[in-house]
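Reader: I'd love a close look at one part of this protein rather than a quick tour of everything. Could you take me through the sheet, what lies across it and the side-chain links in the chain?

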Amino acid sequence: MRNFTSAHDVTDIDALVQTALGYKADPFKDKVLGTNKRIGCLFLNPSMRTRLSTQIAAQNLGMEAIIFNVGNEGWALEFEDEAIMSGSTVEHVKDAAPIFGNYFDILAIRTFPSLKNREDDYSELYIKQIIKYAGIPVVSLESSTLHPLQSLTDIITIQETLLNSSSGIGRKPKIVLTWAPHVKPLPQCVANSFAQWVNAWGKADFVITHPEDYELSEEFTKGASITHNQEEALKGADFVYVKNWSTYNDYGKIYTNDPKWMLKHKRWVHTNNAKIMHCLPVRRNVELSDEMLDGDMSIVTQQASNRVWAAQAVLSEILKSNG
Ligand code: CP
């Protein structure tokens, strides 16, 4: 693996999941793999889980991790080629990225979309320019449209939960991705990415449910069943992934905040005792009710804890294939 920016960078998702679960069982088994190697983690936007789990994962492999909050501590970066830099940006990625390439062995970066211009956001300019100019392997810590480390974690968590279930379910698991209300427009990254990974994994009966006009890009959802009826979607579900996203077609808008879409116990009872997932952070009693988050059905803490093993599996693959 050279770069990790989407499910397309992974040739065998199951093998990567097994690598991650192997690290969970024995975190320090490759503690010298990254000796004398350094990862730079650039954050243009806030983070808690991604930042800490990537740092811990690197340290478990013997790597040094340097965190740089570019967004509020660094020079404002320009990403457009041939830009006339007479505005607020101070340094071009063409000048900065080769320096990162000399300082580090792996570069990881988090950027968010503007949610103003769909074409710009979906062009993934930031991460493409970093890959183009850094000259070293690049890991997405969430980009404008995808969050691959989160999605790998989600598949790991689903697989781990299935393996730990005493009786097994004896069929493909039913996984439901449901839209939830939120007070501000959020990116489509987590939902796009989850859909992309579940489809690429190919081992689930996958349903997406959302209000009308909240369709995601077919590029990611193709292969899933899509319905506007949440109650119908939840029937027999084994896993329910709860997430808000803003509109894709009329880009970056909130059309509804109907609280009926917040998952509550009275709808959860239609599931097959489903485990509840969310990438966090979560707005309690807006996106998900306390009764769901605090109940036995919630696996959000297990899920967030697994971020370490996902990051460790990806970093180890990159270290092994790039020397
Ligand atoms: N889920 C997730 O990416 O969390 P952070 O934004 O805290 O990194």
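Author: Happy to! One term first: a residue is called buried when its relative accessible area is under 20%, exposed when it is over 50%, and partly exposed in between. Please also keep in mind that this is a predicted model.

Let's start with the layout. The chain is divided into domain 1, made of residues 7–146 + 307–322, and domain 2, residues 149–304. Their C-alpha centres are 25 Å apart. Where the two domains meet, 32 residues of domain 1 touch 32 residues of domain 2.

Now to the sheet. Five strands form an open sheet with parallel pairing, and reading across it gives the order β9-β8-β7-β10-β11. The edge positions belong to β9 (225–227) and β11; each has a single partner strand, so one side of each lacks a neighbour in the sheet. On average, neighbouring strands are turned by 20° against each other, direction ignored.

Follow β7 in the middle of that order and you can look to either side. Towards β8, the pairing is parallel and runs over five bridges. Here V176 stands opposite V207 in β8. Strand β8 (residues 205–209) is mostly covered, with four of its five residues buried. Towards β10, β7 again pairs in the parallel sense over five bridges, and W179 stands opposite K243 in β10.

Next comes the helix. α7 lies across β7, β10 and β11, and its direction makes an angle of about 155° with β10. A residue to pick out on helix α7 (residues 148–164) is Q159. How exposed or buried is Q159? Its relative accessible area is 15%, so Q159 counts as buried. Apart from neighbours within four places in sequence, Q159 is in contact with D14, V17, Q18 and W201.

The stretches on either side of α7 carry links of their own. In the whole structure there are 12 salt bridges, and three of them are worth zooming in on.

The first pair involves the loop before the helix. E142 and R110 meet through their side chains in a salt bridge, with N to O at 3.1 Å. This pair links distant parts of the chain: E142 sits in the loop between β6 (138–140) and α7, whereas R110 sits in strand β5 (residues 106–110), 32 residues apart. E142 is buried, at a relative accessible area of 8%, and R110 is buried too, at 5%.

The next pair involves the loop after the helix. D238 and R171 form a salt bridge in which the closest N and O atoms are 2.7 Å apart. Here too, distant parts of the chain are linked: D238 is in the loop between α10 (230–234) and β10 (239–243), R171 is in the loop between α7 and β7 (174–179), and 67 residues separate them. D238 has 6% relative accessibility and is therefore classed as buried. R171, by contrast, has a relative accessible area of 43%, so R171 is partly exposed.

The last pair takes us past strand β11. D294 forms a salt bridge with R284, with the closest N and O atoms 2.9 Å apart. Because D294 lies in the loop between α12 (290–293) and α13 (300–305), and R284 in the loop between β11 (275–277) and α12, the pair ties together parts that are 10 residues apart in sequence. D294 is exposed, at 52% relative accessibility, while R284 is partly exposed at 41%. There is a further partner here: salt bridges with shared partners join R284, D290 and D294 into one network.

Since you work at the bench, you may be wondering about cysteines. How many disulfides does a search of the whole structure find? It finds zero. Take C189: the closest cysteine sulfur to its own is in C279, 9.8 Å away, which is too far for a bond. To count as a disulfide, the sulfur atoms would have to be within 2.5 Å. C189 is buried, with a relative accessible area of 1%, and C279 is buried at 8%.

If you go back to the picture now, try starting at β7, with β8 and β10 among its parallel partners. From there, find α7 lying across β7, β10 and β11. Then look for R171 in the loop between α7 and β7, and for D238, its salt-bridge partner.

How values were computed:
Residues numbered from 1 in each chain as written. Predicted model: local features only at pLDDT ≥ 70, side-chain atom pairs only at ≥ 80, totals over all residues. Heavy atoms only, no water. Helix = DSSP H or I, 4+ residues; strand = E, 2+ residues; numbered from the N terminus. Buried < 20%, exposed > 50% of the residue type's maximum accessible area, 1.4 Å probe, protein only. Contact = heavy atoms within 4.5 Å. Salt bridge = Lys/Arg side-chain N within 4 Å of Asp/Glu carboxyl O. Pairing = 2+ DSSP bridges. Axes fitted to C-alpha atoms, helices over the stretch in contact; angles between N-to-C directions. Domains from an automatic or database assignment.
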